[in-house]
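I opened this notebook to keep track of what I looked up, one contact surface at a time. The entries follow the order in which I went through them.

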Amino acid sequence: MNARLRLGLACLALPAAAALAAPLLSALLGLDPAEPDLFNRFAPPSAANPLGTDDLGRDVLLRLAYGARVSLAVGLATALAATLIGTAIGLFAAWAGGVADAVLMRVADALLALPALPLLVILAGLDPAVVGLPRGEPIADMIRIVAILAAFGWVGVARLARAQALSTLARDHVRAARALGVSEARLVLRHVLPALSGPVSVATALAVAGAVLAESTLSFLGLGIAPPAPSWGNMLAGAQEAVFEAPQAALWPGLCIMLAVAGATLVADGLRRG
Amino acid sequence: MIGLIASRLAQIGLTLAALSFAAFLLIGLMPGDPIALAIAGDPRLSAEDAARLRALHGLDTPILQRYLAWAASVLSGEFGHSRLFARPVAELLWPALGSTLLLLGVAVLLSAAFGLLLGALAAARPGARALVDATAILAASAPTFWIGILLIILFAVLLGWLPAGGQSEAGGLDAVRFLVLPVATLAIAGLASWARHAASALTEALSSPWIVTARARGASLRRVLWGHALPNAAPPLVTLAALDAGALVGGALVTETVFARPGMGKLLYDAVMGSDLNLALVALLLIGAVTMAATLSADLALRAIDPRLRDAP
């Protein structure tokens, strides 16, 4: 473990602990993260509300902790999905070669060449009911965002996986295994796949960072996790509306996003330097 | 060279065609076409009226046929009408594009200049390296909209020096006041990748034998850094500019939304929020075309400054 990896994991530990401890915190403070208290708007930090309250009088610390659950869950699920899809596509492209490889890599190039956020905004703006997802439920919002982000996130993983798989397929031990009559499926899964773990884990960590950032942006724009369910992004949307009344409200959710994204980026850096 | 440009242009055209078809299909599968919206807005319309309107506007034909008709009219320069703004789409697009290009152009120049300075600092003074690295990671991890909100709080709310958003009514010098915070937001968001890449490219150039020779013959660090290392570090930086075009356009969308600045990104966002899907689709295609054109011109600039690439296929 090098210094960057340790620092990155330390940055991620705080939001992770907050996400796990959210129900405990709720019981401890005797508050509900979604329950408005209009007589207690923008309260300053106190023993009852350690970080104060927001525009509807809800406890900021508690909403940050529940927001951590949403942001980290979306980040990890997106990275997991992007890694599975990307590894499968990269591995297949490298193994199949020829037309299949060329077509898949052209699709990947096109997705990289297009501006991601305008596309995400259009996709997130479409009605989820058409594909059978209920509207407005936090869990349905999360599934929708993960699906949209993973549809773009696989590209980075696939390119790294393909490059590594190509070099591994040309190595002597793989050629020897093939000459010995090992089946193609076993060859790819047993001898090539394990060699991908290095570059793929770097791409996964970067995908977590990208997904947390993208989810917060979409939620800020009102296209991601819908209030009253808390997410760091939609908390900032509320904070911007109250910027003249309570500028301090914009501080904490942004710091949380920055901490989580910097943590995942540092983990990726640390893994790359091995 | 001309063959290369032609093949890249063909690739861009193909990507835009595939994108428009996929988006058209997705939008077509959504419930609630413009006629359904009109019925929801006016209870006097009957089912027969709706059927008649659908036939009138060709909405009862198969989707492939509708796509081809739509593509033919867009290619002939007819972008249709925006339901949301009640104006022709073309009238909305060009002013918005100009506003966004101004915002992006100034922001890119600033972030490249300051990024190069930070990178040079890190390369020339190894002690400053850790500080520049940390700044770059933090700047890259901060969401663009949060940077915008923080700048609004500091300069519009607390100090009261600059407007919190919108666009100047007076024009001229007053318009510059409205441009400062959005440009600063985008420039800070883009600074990180410039600084990191400049630092690594300049560090590598500074350790090359010809630099060591120049230093040994008495050239100053300043002269070696800007006169010898920078031209050699330029190709990777231009490549970065090409790769960053998409992220930059995304940053412009967020920035324009935060500062309520009428530009391409805000236009697309408003169109999506107001379910004006024709406007959203045309705006998306224009944004995609501009992004890919920017990438292509950066690639061509790369060939112009790096003679080693000129003969490459």
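**Entry 1: the two domains of chain B**

I started with the contact inside chain B, where domain 1 of chain B and domain 2 of chain B bury about 1900 Å² between them, with 76% of that area on carbon and sulfur atoms. I keep in mind throughout that this is a predicted model. The domain assignment of chain B places domain 1 at 2-89 and domain 2 at 94-309, and the contact takes 22 residues from domain 1 of chain B and 23 residues from domain 2 of chain B. Taken over C-alpha atoms, the centres of domain 1 of chain B and domain 2 of chain B are 34 Å apart.

I then looked up the polar side of this contact and found a count of 1 salt bridge between domain 1 of chain B and domain 2 of chain B, while 2 residue pairs across that interface are in polar contact. On the side of domain 1 of chain B that touches domain 2 of chain B, α1 (2-29) and β1 (81-82) of chain B each supply at least two residues, and α1(B) gives the largest share with 12 residues. I noted the make-up of that side as 15 nonpolar, 5 polar and 2 charged residues. Separately, I recorded a salt bridge between the side chains of B:R8 and B:D299, at 2.8 Å from N to O.

**Entry 2: chain B against chain A**

I moved on to the interface between the chains, where 41 residues of chain B are in contact with 39 residues of chain A, and where chain B and chain A bury about 3400 Å² between them, 83% of it on carbon and sulfur atoms. B:S141, B:F145 and B:W146 supply 17% of the area that chain B buries against chain A, more than any other three residues.

For specific pairings, I found 2 salt bridges across the interface of chain B and chain A and 6 residue pairs in polar contact. The elements that give two or more residues to the side of chain B that touches chain A include α6 (129-141), α7 (144-158) and α10 (221-258) of chain B, and the residues of that side divide into 31 nonpolar, 8 polar and 2 charged.

**Entry 3: a salt bridge between the chains**

I looked more closely at A:D269 and B:R196, whose closest N and O atoms are 3.0 Å apart in a salt bridge. The pair crosses between chains, from helix α10 (residues 251-273) of chain A to helix α8 (residues 173-206) of chain B. A:D269 counts as buried because its relative accessibility is 5%, whereas B:R196, at 28%, counts as partly exposed. Salt bridges that share partners join A:R4, A:D269, A:R272, B:R129, B:D133 and B:R196 into one network.

**Entry 4: salt bridges within chain A**

Over all chains I find 14 salt bridges. In one of them A:R159 pairs with A:D109, with the closest N and O atoms 2.7 Å apart; A:R159 lies in helix α5 (residues 138-169) of chain A and A:D109 in helix α3 of chain A, so the pair ties together parts that are 50 residues apart in sequence. Both ends count as partly exposed, A:R159 at 35% relative accessibility and A:D109 at 26%.

By contrast, A:D172 and A:R175 both lie in helix α6 (residues 172-179) of chain A, 3 residues apart, about one turn of the helix. Their salt bridge has its closest N and O atoms 3.9 Å apart, and both residues are exposed.

Notes. Residues numbered from 1 in each chain as written. Chains lettered and ligands numbered in written order. Predicted model: local features only at pLDDT ≥ 70, side-chain atom pairs only at ≥ 80, totals over all residues. Heavy atoms only, no water. Domains from an automatic or database assignment. Contact = heavy atoms within 4.5 Å. Buried area = accessible area lost by both parts, 1.4 Å probe. Salt bridge = Lys/Arg side-chain N within 4 Å of Asp/Glu carboxyl O. Polar contact = N/O pair within 3.5 Å; in protein donor to acceptor, adjacent residues only side chain to side chain. Helix = DSSP H or I, 4+ residues; strand = E, 2+ residues; numbered from the N terminus. Nonpolar A, V, L, I, M, F, W, Y, C, P; charged D, E, K, R; others polar. Buried < 20%, exposed > 50% of the residue type's maximum accessible area, 1.4 Å probe, protein only.
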